[in-house]
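Work through the exercises below with the structure in view. Each task is followed by its solution in steps.

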Amino acid sequence: MRNTVITGYARSPFHFATKGELARVRPDDLAAQVIRGLIERTGVDAGDIEDIILGCAFPEGEQGLNVARLIGLLADLPLSVGGMTVNRFCGSSMSAIHIAMGQIQLGAGEVFVCAGVESMSRVPMMGYNPLPNPALAAKSAAYMGMGETAENVATKYQITRTEQEAFALESQHKAAAARDGGKLADEIVPIQTKKGLVSEDGTIRADTTTEGLAALKPAFDAQGSVTAGTASPLTDGASAVLVTSEDYAREHGLHILARIKSVGIAGCAPEIMGIGPVGASTKALERAGISVGDLNVVELNEAFASQALACMRDLGLKPDTVNIDGGAIAIGHPLGATGARIVGKAASLLKRDGGKYALATQCIGGGQGIATVLEAAE
Amino acid sequence: MTDPIRKVCVIGAGVMGAGIAAQVANAGVPVLLLDIVRDPTNRNAIAEGAVAKMLKTDPAPFMSTKAAGLIEPGNIEDDLAKVATCDWIIEAVVERLDIKHDLFAKLEAVRRPGTAISSNTSTIPLDRLVERRSDAFKRDFLITHFFNPPRYMRLLEIVTGSATDPAIVAKVEAFADRAMGKTIVHAKDTPGFIANRIGTLWIQLALNAAFDLGLTVEEADAIAGKPMGVPKTGIFGLMDLVGIDLMPHLQKSLTETLPKDDAYQAIARSIPLIEKMIAEGSIGRKGKGGFYRLNPDMNRRREAIDLATGEYREKEKATGPSGPAAKGDLNALIATEGEVGDYAWGILGGTLSYAASLIPQAADDVVAIDDAMKLGYNWKSGPFEMIDKIGAANLVRRLEAEGKPVPELLKLAGDRAFYRVENGKRQYLGLDGAYHDIVRPEGVLRLEDIKLASQPLLRSGSAALWDVGDGVATLEFTGKMNALDGDVMKLIGQAIPLVQKSFKALVVYNDGNNFSAGANLGLALFALNIAAWSEVEKLVAGGQKAYKALKYAPFPVVGAPAGMALGGGCEILLHCDAIQAHAELYTGLVECGVGLIPGWGGCGEMIQRWRDAPFMPKGPMPAVAKVFETVSTATVSKSAAQAKELMFLRPDDGITMNRDRLLADAKAKALALVDGYQPPAPPEFRLPGESGHVGLNMAAQSFRKRGLATDYDMVVSDALAGVLTGGSADLVDTVSEQDMLKLERDAFMLRVRDVRTIARVEHMLETGKPLRN
């Protein structure tokens, strides 16, 4: 079996949808700039890239058609580089990594750009034409709004509003500290916009307080506990990781961040989709032959504080290993871009902080989870 | 034609200055808004703050958020030289002569000669303002006195000096009238001009009399409100609205500037309770409450202040006048025995004779005074219109009997009225003792004038058809609230062949404050209560037929709405070829609020508009979802500009700022469509069917979860979603306009039979507010 490694990670700054500084940037332009940045930073020979595999949750409008191919052309990559758009909602760009790993195993290429993008400003969540299947809508929660699923998880796992707010506050403070400590600068590719260069996240609210969070109204259910403060914001952003065979990386002197040890996908009930990471992570850990206790770094996507807390509890994760530089509540969650961000981030943290194993996992609308286990590649 | 005004500068970003700037911006004209520098780190903070505050104010000073972008905030120290790029400079700084003098001296140095300069002063005489200024400055200078809030109050008092250049006045007036929508009243350079001078005396008389007669605030307002035709709030309610603290300022300035023998001097007095209220911050709605308040400590209990003790107590219902005295018969009102009559006479006797004493001192004629009070103080009738109701001779007799002075003008009138109609023209009594035609400004056309001089072409119980000249006919609604019923629909049916035969175009218009409140709910409820379902269905089908007949008539139809155009009143506009709307247009499809859905073709018309908008995404859902969002929440526009954003108006529909110019503008728009007119082709729809229906219901459910919709809202919005998505149509089917009408009718008839709908209709009729069941 051939080893697959992560040899680079980059992302755009993340900004609030509609009111943020990336609202007027087309998603294809955004992703092209990030991919260009990734290639420049890693020093990989663009001619060796087999394919761009790009995740997007609502691939319509400006992120429609086969946008991965268009982004490759926009980024002036050699015409020989392919492009494929994949959709697994929030898990899209993590799936892109899994697909690349599979391709490498198949002997179908050595070098892959695995990216993700979502402009939640320019393409609405649910897309322009939501047309649910009436029969399925009648018998399942397949189309349930994400906020409602977060409320369901909070109820089922008895996560109080206070716990959610404490978690959100910590996420904001960790992200702000990481930013202020210059720990996010390396991963961010400044984005050229009509108004100038944007090089910092616009989503982090360093001044978040317990009182401020407590004063917010429930966002999805008048009787509920989930607020805008304990949910990830609608975000514009793009991310990319360079996935290669270990042989190629070593041959070409690429900087290896981590090796992919195992992956996992697992479905769950749509109405509690936020618990998806539990099944997927359990599978991936088992396949890696390690246990939760072996993990030094965990990137657990914070779609909502309630589901993140429920997953941590169910999996028995150590809080101090989880989202060390803050999570999506603070940094944002541009749906298609998040998977590549958290795998790239976990790999970078493993390298930076010197652990052995890392887990990146996230929940997915419709009822799924996806997970990737990384190991340090000395 | 005068020079146009392309840019305006307003100096002083207080409530008035900022509000004036907003109205200039509402007209689509850029405006520089300057104030002093108070914060060295942000030198434009005051003007910027004023704009930001106005974006949050309700009622909104801006007609659209886009208008706010036309205001350029600045400060007097850095930006004064920019006035050279402006064609009109409006000074609205604090009422201190030294400060105004200082500003004018600076302006003199930087302005372009020929730029109009006006002051929004309400108290300082023009001659004092231009002291030490050059002749050139004086030529360009006038007073333009706006009323608060500047967007909504239509009065603009203009005062000119002996040196003011008539061309400058014409330039300012043309802009204020056509772009800012103001009605101009020329006032003399006397203290308080017209409206505030009479208004202040009126308020003082009403306060004095209430205290002297020992009335409660409720009793006083029940007499001085609706029965007198002044704002229905009454005096105490009005003071709460405008701010009780304004009173001493006006009083002080008038007692200082009016001659010693002026009638106001004798009645001006400070009232200890009011002083105490101001000191405690109980200055009205903008403060902690005023004469009335909602007690925050007692679950927002409605309270009123006891005028004797100054303590708040629960609000009581006052009976007020009865019979004709309650319904506008002023003679009956002032003749009523006891407190009611005494109070009414105490106010009216003094106010009306004072108004009559101000010609020619403060105003040229009775029309100016009546316009000032109607448009500046929201009186239903002006003082001289009220005198006509009482009879000048009656008024004189009572004043004489009480030994009160009788103004010359009242003696001159004798048994005659101040207004009459002669040869189809409205005339007023001049100081020369003769009657003169009331001359409308050029381009002003009122249906009331046409009605004085002609007979309707057609008339029914709730509509009429008039010839407004140049080959244009006008359809007028005449029912209460201009409500729509079977008679209106029948008249439309009769009007179409008549207009086709003898006219070029049709304008749907009326002079009312509100274009139409929609279908006549009272009539509908009657039919519902006797379960006359076939009658109701006939009404729905009849309305659909009439509106579609208007849409496909072989001549252009232009809708000309002002004020509210709700439900069926909105739907008739949706069927017009074009709209010329007054800027103050409050329109929407509000049927869901009473448990119904639009039944007169509104659903299809709205889908077509959204679908055809060039910026809309493709596919079956985007237009349907937009219409669902707008209609299920009964969204009503807060201006004509916003009605365009909501697609109730099309992008090229016209907006008229001045209410009096609406009919003439609509007529011109209709005539412009005549050449080569082709009726529209019926639309065909591709609708999402059941899948889309499920999608819309899910969106509604999330509203319900958030506590923003009731159980019955879900039922009603489900019915609406069913129509908008084409019922059982499949994505690949073509849905015709007739199919849509059938879906509307069927869904309407299902809802109308529901007791929860009937409860909503009843509640709306009783309270004017929607029932949230």
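**Exercise 1. Establish whether Ala100(A) is buried or exposed, and find what surrounds Ala100(A).**

Step 1. Ala100(A) has 27 other C-beta atoms within 10 Å, so Ala100(A) is buried. The cut-offs are these: a residue is buried with 20 or more other C-beta atoms within 10 Å of its own, exposed with 12 or fewer, and partly exposed in between, the C-beta atoms being placed from the backbone.

Step 2. The model is predicted: local features need pLDDT of at least 70, side-chain atom pairs count only at pLDDT 80 or more, and totals for chains, interfaces and linings use all residues. Residues are numbered from 1 along each chain as its sequence is written, while chains are lettered from A and ligands numbered from 1 in the order in which they are written.

Step 3. Ala100(A) belongs to helix H3 (residues 92–106) of chain A. Helices (H or I, at least four residues) and strands (E, at least two) are DSSP runs, numbered from the N terminus.

Step 4. Leaving out residues up to four places away in sequence, Ala100(A) touches Ile53(A), Phe112(A), Cys114(A) and Val243(A). Contact requires C-beta atoms, placed from the backbone, within 7 Å. Ile52(A) is 48 residues away from Ala100(A) in sequence, yet their C-alpha atoms are 9.2 Å apart.

**Exercise 2. State which residues of helix H2 of chain A are buried, and what they pack against.**

Step 1. Helix H2 of chain A covers residues 67–74, and its buried residues are Val67(A), Ala68(A), Leu70(A), Ile71(A) and Gly72(A).

Step 2. These buried residues pack against helix H1 (27–42), strand S3 (49–55) and strand S4 (82–86) of chain A.

Step 3. Just after H2(A), Asp76(A) has a positive phi of about 60°.

**Exercise 3. Give the strand order of the seven-stranded open sheet in chain B, then follow its pairings.**

Step 1. The order is S15-S16-S17-S18-S19-S21-S23, with mixed pairing. Two strands count as paired if DSSP finds at least two bridges between them.

Step 2. Strand S15 (458–459) and strand S23 (654–656) of chain B are the edges, each pairing on one side only.

Step 3. Five bridges link strand S16 (residues 463–467) and strand S17 (residues 472–477) of chain B in the antiparallel sense. Asp467(B) has Ala473(B) in S17(B) as its bridge partner.

Step 4. Strand S19 (residues 557–559) of chain B runs parallel to S21(B), joined by two bridges; Gly559(B) stands opposite Ile579(B). S21(B) and S23(B) are also parallel, with three bridges, and Ala581(B) has Ile655(B) as its partner in S23(B).

**Exercise 4. Describe how the two faces of S21(B) are covered.**

Step 1. In strand S21 (residues 578–582) of chain B, five of its five residues are buried.

Step 2. In a regular strand the side chains alternate between the two faces of the sheet.

Step 3. Ala578(B), Gln580(B) and His582(B) lie on one side, with Ile579(B) and Ala581(B) on the other.

**Exercise 5. Count the residues with which chain B contacts chain A, and sort them by class.**

Step 1. In chain B, 16 residues are in contact with 15 residues of chain A.

Step 2. Helix H30 (residues 689–705) of chain B supplies the largest share of the chain B side, eight residues.

Step 3. The chain B side has seven nonpolar, six polar and three charged residues. Ala, Val, Leu, Ile, Met, Phe, Trp, Tyr, Cys and Pro count as nonpolar, Asp, Glu, Lys and Arg as charged, and the others, Gly among them, as polar.

Notes
Two residues are in contact if their C-beta atoms, placed from the backbone, lie within 7 Å.
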